[in-house]
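Trainee: Could you take one part of this model and walk me through it closely? I would like to see how its residues fit with their surroundings.

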Amino acid sequence: MQIKMRIHFANAGLVKQARVEDNFCNGRKCALTNEKIMDQGKANMKKIIILAVAIGVVAAITARGADAKDNWTKLCAKCHGAEGKGDTKIGARLGIKDFSDPKVQAAFKDDDAFKDLKNGLQNEDGRTLMKPFDTLSDDEIKALVAYVRTLKSQP
Ligand code: HEC
């Protein structure tokens, strides 16, 4: 008996609340307001998602740039020089060209550079100029080739 009473009261409470809401937004007007609120919510959600994706992309690009520069400093600079000018002892000995020179940049294609870094490079006498960089992934080699392109001096 007691439990029944409570349920009854609880139901009455719900009905009352529903009525109050009905009064605040009656019929079509209410539906419109709700739609507006929903749209606003969706638009905000979209903005948040776009922002999150943008931050992710920027982070990825920066990370990649840093990797290529790091690899350059670790693996390439001792021969090619920090700025790629070939102004090192080994560079002088092996006749390394100056990557800041647009003519030098134009003399090889990205694909050639990729292959030479992956498989190694010899001169005509079969002397090794560059050993294959087999610790690098294809993506890392591609990023390094892109990095080499940034060493060209801007006119
Ligand atoms: C042992 C010294 C040495 C190291 C280390 C070295 N290179 Fe080279 N690299 C050479 C020589 C020598 C040549 C051939 C002469 C030239 O083109 O300047 C060359 C040529 C190149 C070329 C010319 C394009 C072609 O024909 O392939 C690119 C690009 C290049 N190196 C990038 C790199 C990158 C990137 C690294 C680091 C991952 C690297 N090199 C490390 C010595 C080196």
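Mentor: Happily; here is a close look at helix H6. This is a predicted model, in which local features need pLDDT of at least 70, side-chain atom pairs count only at pLDDT 80 or more, and totals for chains, interfaces and linings use all residues. Residues are numbered from 1 along each chain as its sequence is written.

Helices here are DSSP runs of H or I with at least four residues, and strands are runs of E with at least two, numbered from the N terminus. H6 has 12 residues and spans 17 Å from its first C-alpha to its last, close to the expected 16 Å (1.5 Å times one less than its number of residues).

Ala 143, Leu 144, Tyr 147 and Val 148 are buried in H6 (20 or more other C-beta atoms within 10 Å of a residue's own, against 12 or fewer for exposed and in between for partly exposed, with C-beta atoms placed from the backbone). They sit on the same side of H6, because they cover an arc of only 145 degrees around the axis, taken from the directions from the helix axis to the C-beta atoms. Asp 138 and Asp 139, on the other side of H6, are exposed.

Ala 143, Leu 144, Tyr 147 and Val 148 also join Ala 68, Phe 99 and Leu 117 in the largest nonpolar core (buried Ala, Val, Leu, Ile, Met, Phe, Trp, Tyr and Cys residues joined through C-beta atoms within 7 Å). With four residues, H6 gives this core its largest share. Leaving aside residues up to four places away in sequence, Val 148 touches Gly 84, Phe 99 and Ala 113 (C-beta atoms within 7 Å).

Note on methods:
Two residues are in contact if their C-beta atoms, placed from the backbone, lie within 7 Å.
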